[in-house]
Amino acid sequence: MSTTAAPRTSRGPVRRAERALAPDLARGAMLLIIALANVAGVVFAGEPGLDPTPQGAERGLNFLLFELVHARGYPVFAVMFGYGIVQLARRQEAGGATPKRVRSVLVRRNLWLVVFGFAHAALLYYGDFLGAYGIVGIVMTLVLLRRGDKFHRIVLVLWALSAVEILVLAAIVVSGILGGSGGSAPLPVGHVDSLAAPGYVASMLDRLGEWPMHTLRVLPFIFITWLGMWAARRRVLEEPARHQTLLTWAAVLGLGLAVAGGLPAALLSAGWLHVDESTAGLMLMLHGASGMFAGPGYVAVFGLIAMRANRSAPIVGALSALGQRSLSGYLFQSVAWLVLLAPFTLALGDRFGSPTVTGLVIAVTVWFATVLIARLLDRRGQAGPAEIVLRRLTYGARS
């Protein structure tokens, strides 16, 4: 891939003054959810991360992780990814780029995301989403970007059908709980070999086998990114006041479905509910399916917050600074998990009592460190290191 400068008929990356607050605020805050979800997986070498024998406070932590965290963070970034594709295309067109040049810039950027994803998975963490983002981004650029408003409304019908499907699945789960003969089946959590590997080379070899399958499993989130593309065409987050009613309904219904759909699995993970193996599997399926509604739900919440937030306020400024550097923040987390939690490095998860509590404390600490670093870079007017590399590869040295 060439890193030469893009043609003059296209422009460079987004400028500071052009950024909307809501997307940056959402990305910065939701990186905490990503950290909490991933650290639980690393500590227990599973997907999703789950303490199989919780005691005391660990039961409540398991419950909260399944209600608010697991399978509820990545849909936010999927929505924002689709939103960002439209924003990037719009800025390129405003700078004089032809449709062909816009496609060229987007495809180049997404191809490099696939490369980033491969490197991330091979070197650091199996559960990479960057490669999947790159593949989905290419498909969206070539297939969806130039479609009209009428075509994009199809995604709303698909989401409505998904809501009906979740309600049906929820009814089956409730029927299994009420009509079952009891049982003691756990949630069917998958083991991740690379997270339990005894050495770095062994973990890397495991990740090279795990990454392709993980990427294939998560590619269907194109369905979620398409909703972000629809919202961006309407400028929902750039003009939240004009879309306040839409954002309110999205927040209530999205998070409502996510919380309700996650409740059975959350109760089972905490040991407060006992079911047979078949019902446990359906609970996990319902948990994952309902989690996608947390994406528009959480995004809508931050859209409503952005209406009243003061960009110059310290907390808002710090979170949005991390949101502007979310790629660097995401990769920083993976480095931290490898150094702090891997069995062949510091392995801190097993050294201080409860692995659940220790992991969550580490997750919050690492996320807070990225907030501080991002704020420092923001005050110096510097982008994150990963963003600098991706911009140079996408737009050339002039960026």
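**Helices and core of a predicted model**

L376 lies in helix 16. The model shown here is predicted. With a relative accessibility of 45%, L376 is classed as partly exposed, because that class covers values between the 20% limit for buried residues and the 50% limit for exposed ones. Along the chain, L376 and A318 are 58 residues apart, yet their C-alpha atoms are separated by 8.8 Å.

A318 leads to helix 14, where it is one of the buried residues. Helix 14 spans residues 314-324, and nine of its 11 residues are buried, so this helix is largely enclosed by the rest of the structure. The buried residues are V316, G317, A318, L319, S320, A321, L322, G323 and Q324. What do they pack against? Their partners are helix 1, helix 15, helix 16 and helix 17, the last of these covering residues 385-395.

Two of those partners also pack against each other. Two packed helices are described by the angle between their axes and the distance between the axes. For helix 15 (residues 326-341) and helix 16 (residues 355-379), the axes come within 10 Å and cross at roughly 140 degrees. That angle makes helix 15 oblique to helix 16. The crossing of helix 15 past helix 16 is right-handed. On the side of helix 15, the contact is made by G329, F332, Q333, A336, W337, L340 and L341, and on the side of helix 16 by I362, A363, V366, T370 and I373. Sorted by class, this contact has nine nonpolar residues, three polar ones and no charged ones.

W337, one of the residues of helix 15 in that contact, also has a place in the nonpolar core. The largest nonpolar core has 116 residues, and F221 and W337 are those with the most contacts inside it. Which helix supplies the largest share of this core? Helix 1, residues 21-44, does so with 16 residues. Setting aside residues up to four places away in sequence, W337 touches A35, N38, V39, V42, A342, I362, A363 and V366.

Helix 16 also holds T356. Is T356 buried or exposed? Its relative accessibility is 4%, so T356 counts as buried. Residues up to four places away not counted, T356 touches F44, D51, E58 and L61.

A second helix pair can be described in the same terms. Helix 7 (residues 154-179) and helix 12 (residues 277-291) pack at an angle of about 150 degrees, and their axes are 10 Å apart. The two helices are therefore roughly antiparallel to each other. Helix 7 passes helix 12 in a left-handed crossing. Helix 7 contributes I166, L169, A170, I172, V173, G176 and I177 to the contact, while helix 12 contributes T279, L282, M283, M285, L286, A289 and S290. By class, the contact has 11 nonpolar and three polar residues, with no charged residues.

The last stop is N110, found in helix 4, which runs over residues 99-123. N110 has a relative accessible area of 1% and is therefore buried. Which residues surround N110, apart from its neighbours within four places in sequence? N110 is in contact with F81, Y133, G134, G137, I138 and T141.

Key:
Residues numbered from 1 in each chain as written. Predicted model: local features only at pLDDT ≥ 70, side-chain atom pairs only at ≥ 80, totals over all residues. Heavy atoms only, no water. Axes fitted to C-alpha atoms, helices over the stretch in contact; angles between N-to-C directions. Helix = DSSP H or I, 4+ residues; strand = E, 2+ residues; numbered from the N terminus. Parallel < 35°, antiparallel > 145°, perpendicular 65-115°, else oblique. Left-handed = near helix turned anticlockwise from the far one by under 90°. Contact = heavy atoms within 4.5 Å. Nonpolar A, V, L, I, M, F, W, Y, C, P; charged D, E, K, R; others polar. Core = buried A, V, L, I, M, F, W, Y, C linked by side-chain atoms within 4.5 Å. Buried < 20%, exposed > 50% of the residue type's maximum accessible area, 1.4 Å probe, protein only.
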